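Let's take a walk through this one together, a stop at a time. Keep the viewer open and click along as we go.

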Amino acid sequence: MLSALIAATPEDRILHNRIMLVPPLPHWVSARVALAADAAHAMSPHITAGATLGIEDAALLGRLLGADEDVPAALAAYQADRIPRYTHVARLSEAVEHAPTPREFARNYAAFSHWMLSRRPQGAGSEGREA
């Protein structure tokens, strides 16, 4: 059924959108403003990590801002926690996306999936860090 739908779709009705990759930002916060989710770390959609990171961003911001009246300090803690996490996830994602062979793709995807599934959320103090 899906094959028939694809075959019946006129070429001029097919959208060809480019995926624009955003270079990593060196800072995500100022004294009173924080970037989160795609505004901070737009990633290729191929590995579906961006949405997960965005949800984690929001959860951590909520915890930090709710626990500390010092907004600049809370935002600095958010940035210190999230940029390394994003950097690691982006590295894993790129390894999957640019794998030269199916075997490398499978190995890199398994490493990424295992890490995402076994990873405790950031922002919970030392118990939230990787061992």
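Where does Leu 2 lie? Leu 2 is part of helix H1. Before we go further, keep in mind that what you're looking at is a predicted model.

Staying with Leu 2 for a moment, its relative accessible area is 58%, so it counts as exposed. It also has company out there: Leu 2, Leu 5 and Ile 6 make a nonpolar surface patch of about 340 Å². If you colour the surface by residue type, that's the spot to look for.

Now zoom out to the whole fold. The protein has five helices and zero strands, and reading along the sequence gives the pattern α-α-α-α-α. The chain has 131 residues, of which 28% count as buried. Its accessible surface comes to about 8900 Å², and carbon and sulfur atoms account for 63% of that. As for how the chain meets itself, take the contacts with a separation of 6 or more: 55% of them are between residues 24 or more positions apart.

How far should you trust the picture? The mean pLDDT of the protein is 84, with 89% of its residues at 70 or more. The stretch to handle with care is residues 121-131, where pLDDT stays under 50. The model does give that stretch 20 contacts beyond four places in sequence. Still, where pLDDT is low, the predicted coordinates should not be read in detail.

Next, follow the chain out of helix H1. Helix H1 covers 2-8 and helix H2 covers 38-41, and Ala 37 sits in the loop between them. Check the backbone of Ala 37: its phi is near 55°, a positive value in a residue other than glycine. That's worth a second look, because most residues other than glycine have a negative phi. Is Ala 37 buried, partly exposed or exposed? With a relative accessibility of 26%, Ala 37 falls into the partly exposed class, since that class runs between the 20% and 50% cut-offs.

Farther along you come to helix H3, which spans residues 50-67 and holds Glu 56. This is a good place to slow down. Glu 56 has a relative accessibility of 17%, so it counts as buried. What does a carboxylate do in there? Leaving out residues up to four places away in sequence, Glu 56 touches Arg 82 and Arg 85. In general, side chains of opposite charge can pair when their charged atoms come close, and here you can see that happen twice over.

Take Arg 82 as one partner. The side chains of Glu 56 and Arg 82 form a salt bridge, at 2.9 Å from N to O. Glu 56 belongs to helix H3 and Arg 82 to helix H4, so the pair ties together parts that are 26 residues apart in sequence. Arg 82 counts as buried too, because its relative accessibility is 2%.

Then there is Arg 85. Glu 56 forms a salt bridge with Arg 85, with the closest N and O atoms 2.4 Å apart. This pair also links distant parts of the chain, Glu 56 being in helix H3 and Arg 85 in helix H4, 29 residues apart. Both Glu 56 and Arg 85 are buried. The two side chains make a polar contact as well, at 2.4 Å.

Shift your view to Asp 57. Which residue does Asp 57 form a salt bridge with? The partner is Arg 82, and the closest N and O atoms of the pair are 2.7 Å apart. With Asp 57 in helix H3 and Arg 82 in helix H4, this pair ties together parts 25 residues apart in sequence. Asp 57 and Arg 82 are both buried.

Put these pairs side by side and a network appears: Glu 56, Asp 57, Asp 81, Arg 82 and Arg 85 are linked by salt bridges. The structure as a whole holds five salt bridges.

One last stop on helix H4, which runs over residues 71-97 and includes Ile 83. What does Ile 83 touch, apart from its neighbours within four places in sequence? It is in contact with Leu 25, Pro 26, His 27 and Trp 28. Ile 83 and His 27 are 56 residues apart along the chain, and 8.3 Å separates their C-alpha atoms.

How values were computed
Residues numbered from 1 in each chain as written. Predicted model: local features only at pLDDT ≥ 70, side-chain atom pairs only at ≥ 80, totals over all residues. Heavy atoms only, no water. Helix = DSSP H or I, 4+ residues; strand = E, 2+ residues; numbered from the N terminus. Buried < 20%, exposed > 50% of the residue type's maximum accessible area, 1.4 Å probe, protein only. Polar contact = N/O pair within 3.5 Å; in protein donor to acceptor, adjacent residues only side chain to side chain. Contact = heavy atoms within 4.5 Å. pLDDT = per-residue confidence, 0-100. Patch = residues over 30% accessible without salt bridge, like charges linked within 9 Å, V, L, I, M, F, W, Y side chains within 5 Å. Areas by Shrake-Rupley, 256 points an atom, 1.4 Å probe, with all protein chains shown as cover. Salt bridge = Lys/Arg side-chain N within 4 Å of Asp/Glu carboxyl O.
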